[in-house]
There are 2 protein chains.
Amino acid sequence: MEKQQMEALDYHAEERRKAGFDVEEMKIVWAGSRKAYEISDRVARLVASDPVFRKDNRTMLSRKELFKDTLKKAAHAWKRIIELRLSEEEATKLRFFVDQPVFTDLHFGMQIIGCYAQTELGHGSNVRGLETTASFDPQTDEFVIHSPTLTSRKWWSGGLGKVSTHAVVYARLITDGQDHGVHGFIVQLRSLDDHSPLPGITVGDIGMKFGSGAYNIMDHGVLKFDYVRIPRDQMLMGVSRVTRQGKYMRSDVPRQLVYGTMVYVRQRIVASASSALSRAVCIATRYSAVRRQFGSRNGDAETQVIDYKTQQNRLFPLLASAYAFRFVGEWLKWLYTDVTRRLEANDFSTLPEVHACTAGLKSITTTTADAIEECRKLCGGHGYLSSSGLPELFAVYVPACTYEGDNVVLLLQVGRLLVKTVSQLGSGKKPVGTIAYMGRAEHLLQCHREVRRAEDWLKPQVIVEAFQARAAGMAVACAENLNKFPNQEDGFGQLSADLAEAAVAHCQLIVVSKFIEKLQQDIPGKGVRRQLEILCNVYALSLLHKHLGDFITSGCITPEQGVLANEQLRSLYSQVRPNAIALVDAFNYTDHYLGSVLGRYDGNVYPKLYEEAWKDPLNETVVPDGYHEYIRPILKQHIRVARL
Amino acid sequence: MEKQQMEALDYHAEERRKAGFDVEEMKIVWAGSRKAYEISDRVARLVASDPVFRKDNRTMLSRKELFKDTLKKAAHAWKRIIELRLSEEEATKLRFFVDQPVFTDLHFGMQIIGCYAQTELGHGSNVRGLETTASFDPQTDEFVIHSPTLTSRKWWSGGLGKVSTHAVVYARLITDGQDHGVHGFIVQLRSLDDHSPLPGITVGDIGMKFGSGAYNIMDHGVLKFDYVRIPRDQMLMGVSRVTRQGKYMRSDVPRQLVYGTMVYVRQRIVASASSALSRAVCIATRYSAVRRQFGSRNGDAETQVIDYKTQQNRLFPLLASAYAFRFVGEWLKWLYTDVTRRLEANDFSTLPEVHACTAGLKSITTTTADAIEECRKLCGGHGYLSSSGLPELFAVYVPACTYEGDNVVLLLQVGRLLVKTVSQLGSGKKPVGTIAYMGRAEHLLQCHREVRRAEDWLKPQVIVEAFQARAAGMAVACAENLNKFPNQEDGFGQLSADLAEAAVAHCQLIVVSKFIEKLQQDIPGKGVRRQLEILCNVYALSLLHKHLGDFITSGCITPEQGVLANEQLRSLYSQVRPNAIALVDAFNYTDHYLGSVLGRYDGNVYPKLYEEAWKDPLNETVVPDGYHEYIRPILKQHIRVARL
């Protein structure tokens, strides 16, 4: 037996002893409530202990095996949910911990399997550009769904390729030759008897995607319609409808209602960002405490890489971001219920601000993709192995930057609201919600921060005002530059890169503010609030350092104050260091869910890495397939050739 | 037939007509010389037309098929090189365009296949920490190679797992119980008769890595020694040797000679950075001209996404970086010949500076990994498909950030030289080479940039001095902060994040300077120099905008000058726009080498995307494997369960 394998099995025990706060209480803060924690904990263990949910072999499966494995897990999850009579919350958690998103996540409990077919081969974010047509035929009281061009084919819908029996298809509604724009239609795609595609339907998978496992588990699909007929009542007639005579009528239902769904979806995306980021950070933090490199003197052990300031400077801001995104996600849940309540009461006053806020938060929290990749690099060479879990985590997460609104497109929506708000400041219209501070723009830009020593940067008020002044300054500068253009739309196009930067500043302010608001709540548990205060400061000051040019140019801080902020940041790292392992333990992830040899709870990394390597199919034989055809001739024939 | 497929087949023809410079002459500038261009062009076509070198199916192969495919291509490349009697330069180009790195790249023309076995499971960048031992046995005149611990096992060596017959093994030399540190030993691993591992050797593949194709084509290996005996003469005795009696002796050969190899390797890495980056930029630029989104009025075509400023603001600095890295790589080739000449003449005076310079340039040019990922995002959803070529390009490129010296570790070496140089400024010792400007640090930091209008930022002198002042300012600040620590090493650790930032500033200055120096050479061809001037300015000003905080804090520019730089940058984008397609055509990549449906020369993207999708194994049947076991029960049984 290996020497290492025989040693006691918690390499992180000493790290855990060092923690200066109550980890169990922090777990509850992270989960959101004691009840949420208990459910999450119980369901995570349930999934981890079930051999059907095993996922460590995913990257070694072929595409077909991988897809079948997904089907198997989906069916098994469905079975377990029924057998155990899980509540909706428990069932959602179960699917979350299975960590292999499938069609049943969306359509559980139906007798059909459905998907949304919106984007087309040639059309993504711009829904108005869709080409698929749904022409009403008054003779038969049907819509005829058709794909008139190659670029009109539906493309990218999850679950469409192989699984779905039905789709909500977005198509241009045509009545009597008139185009009424894009509407939704329920279309059956496959027979419920034998799953074969119905006449006029061509459907398939769009092929391999980023990574080896990742989203290759799912059948994103392509779909072509060849004059497919559906009954009139399969049009989604919530917002508008078509009469028996083929007359197009808009309903009285306010169009703003669709924003409710959008807020919901984006709130889910922000929640996923904190999950994915915390997972990557957990792996990188634990491995950074295991890995040792350089710094050995007189035969001592080398230094744990987590003790290097360069490692801390890259890792700890990401750890802080995981918490920051968690809390802003929690607040978005509240915002969703608030906006739903208002919509029900026909109060649309907060919608523009809420819409921009969720769009912007979706955009800045999905920078998690870069953060996962940074965590992977922080694990050095071994982070490049699939068994580290990080390559697949990156590949499966990164589409979040593109789907549900490309991040740059979303930031420009925020940018538009910002300059509009600035332009209305004189009119007496008072900005609300997360943009209310803009009403004090003039004051913010004139007044100076009270920062003379590094510690002054620890005051929440100082931080919030610096972020407010920066965001306000950038928005005001954009609005002023915009006024120089005779045509506003033209100016908007020319200045769009600046507008996107102003939007980032505004959204980072929101995240910082919500973190600070969280700290004003009642937080029990020894040392828990203190740790969160440190993380909040790390989050804010690392952003300030990264975007220092913005802060100084807006005139809201001096270069000297920027230097002090960096000094303070450095000293905060030393306070995070002894608590780092406990801070990632608080996420309460099982080794199954983490899916990473490097991130193992017990830190027993090296024997497991070695063990994993031997499972590769290439190691089934010591002499590789191809030796006789390709290697041996090179070794043997060279002499002969050289003698020619 | 599809409407689109029947249209004329150069969708970029109009873009190509718009170019304001001679593309053929630019191709020569890019290649380095007319001869280099001709060889590259001829060999690229040769590879592209050979069906054995087909690679579009790589992401669909299993690990074993993928590896066998590599062996097949390696053997075929070797055969073609001999049959066609290719020169060394041609053969190198051939292997480059095959785009599937294999063992023969390193060992062509030997009767053995060798690899380097240095890093171990527990030991990466820190060579001094290696644990493998080579103990001299004077009784038999042999070394005994042994892996004493789990963490001592060799790990990561390319070609080690399945192919190599021999390895250069780095191990601690022990004579008579005394440890002389790490030395190299040639060890035979496998039988030359049947390729089976020799007694005492355990060798295998380390398993799946990032991506589906990518480096999974190669057998990175694990290797364990169980007291393996080799003759004494298999120690590499260039620098030191062991006598028959077991006496350890250092030779007179200067140790600095190893730096020559290091400079060579890093110069190759910088050259690869420009290749990988230009490839990604070529794909993203061409697709950005094909893809249209939003902006349609009255049924016109939508706007090409390359016309959006946000797209230009992300894409054009990367296009400029590709050229910048190309030219600094060219200069590094010269630096390598210069340093080789000096080493032969026992002149080691330039070594510290050259060593730091190549380390730093390796580090900052491998940010190409992030740039590839940005190019992928610039292609929207379709960039996530393997057929875009970008996921695999990212996955195969990204280890460059880690291998041959982790990027952060390398930056700290540069940082050390910078603060050392600053501390010696008073002593009269004059800094040389790329660090010579530091001799004028005081002057640079006192004098102000002559920038009053945006156009002033187009002057090379203004740009270079701003970059010099920024780098000098950051180095001086680090040196001053370092002096506050009683213990220099302790201070170095505490300030390491700042030192790494100063190093980045210094290295970016080198790239900017070398680009400007290139422009001072004779550059024939209509409009070619003009285009390069624009790109040089885009490169420099985009960096200035990104690191504005550094520039202002160092006092070298005012916030107002920073705003002017951004204005100038924006107007440069409009000058790049009409030339963008021609600027990537100048890389002269074949569609085979690009390996991207989105980056096709003819822009005929959509029909090919559609065609590629159907090749996925999942599309072999319309009803997927697993339907009867997992999908049908969900569709059919739900009713029964729900009635329970």
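In helix α5 (residues 63–83) of chain B, the residues B:K79 and B:E83 lie four residues apart, about one turn of the helix. In this predicted model, B:K79 forms a salt bridge with B:E83, and the closest N and O atoms of the pair are 3.4 Å apart. Neither end of this pair is classed as buried, because the relative accessibility of B:K79 is 41%, which counts as partly exposed, and B:E83, with a relative accessible area of 43%, is partly exposed as well. Side chains of opposite charge can pair when their charged atoms come close.

A second pair within one helix is found in helix α3 (residues 23–31) of chain B, where B:K27 and B:E24 are three residues apart, again about one turn of the helix. Their side chains meet in a salt bridge with an N to O distance of 3.2 Å. Here the two ends fall into separate classes: B:K27 counts as buried because its relative accessibility is 13%, under the 20% limit, whereas B:E24, at 43% relative accessibility, counts as partly exposed.

The salt bridge between the side chains of B:R42 and B:E90, at 3.2 Å from N to O, links distant parts of the chain, since B:R42 belongs to helix α4 (residues 34–48) of chain B and B:E90 to helix α6 (residues 88–98) of chain B, with their positions 48 residues apart in sequence. In this pair B:R42 is partly exposed, its relative accessible area being 46%, while B:E90, with a relative accessible area of 13%, is buried.

Salt bridges are also present in chain A, where A:D10, A:R16, A:R286 and A:D585 are linked in a network. Over all chains, the count by the rule applied here comes to 104 salt bridges.

Across the interface of chain A and chain B, the rule finds 12 salt bridges. One of the charged pairs that join the chains consists of B:K68 and A:D625, whose side chains meet in a salt bridge at 3.5 Å from N to O. Between chain A and chain B there are, in addition, 50 residue pairs counted as in polar contact, with both residues at pLDDT 80 or more. On the side of chain A that touches chain B, helix α24 (residues 627–643) of chain A gives the most, with 13 residues. The residues of this side of chain A divide into 60 nonpolar, 41 polar and 31 charged.

As for the extent of the interface, 132 residues of chain A are in contact with 132 residues of chain B. The area buried between chain A and chain B is about 12100 Å², and carbon and sulfur atoms give 64% of this area. Within chain A, the residues that lose the most area to chain B are A:F210, A:Y384 and A:L618, which together account for 7% of what that side buries.

A further charged residue of chain A, A:R449, is placed in the loop between α14 (441–446) and α15 (460–483) of chain A. Although it lies in a loop, A:R449 is buried, because its relative accessible area is 7%, under the limit of 20%. The side chain of A:R449 reaches the backbone oxygen of A:C556 at 2.9 Å. When neighbours within four places in sequence are left aside, the residues in contact with A:R449 are A:L444, A:V462, A:E465, A:A466, A:A469, A:C556, A:I557 and A:Q561.

Note on methods:
Residues numbered from 1 in each chain as written. Chains lettered and ligands numbered in written order. Predicted model: local features only at pLDDT ≥ 70, side-chain atom pairs only at ≥ 80, totals over all residues. Heavy atoms only, no water. Contact = heavy atoms within 4.5 Å. Buried area = accessible area lost by both parts, 1.4 Å probe. Salt bridge = Lys/Arg side-chain N within 4 Å of Asp/Glu carboxyl O. Polar contact = N/O pair within 3.5 Å; in protein donor to acceptor, adjacent residues only side chain to side chain. Helix = DSSP H or I, 4+ residues; strand = E, 2+ residues; numbered from the N terminus. Nonpolar A, V, L, I, M, F, W, Y, C, P; charged D, E, K, R; others polar. Buried < 20%, exposed > 50% of the residue type's maximum accessible area, 1.4 Å probe, protein only.
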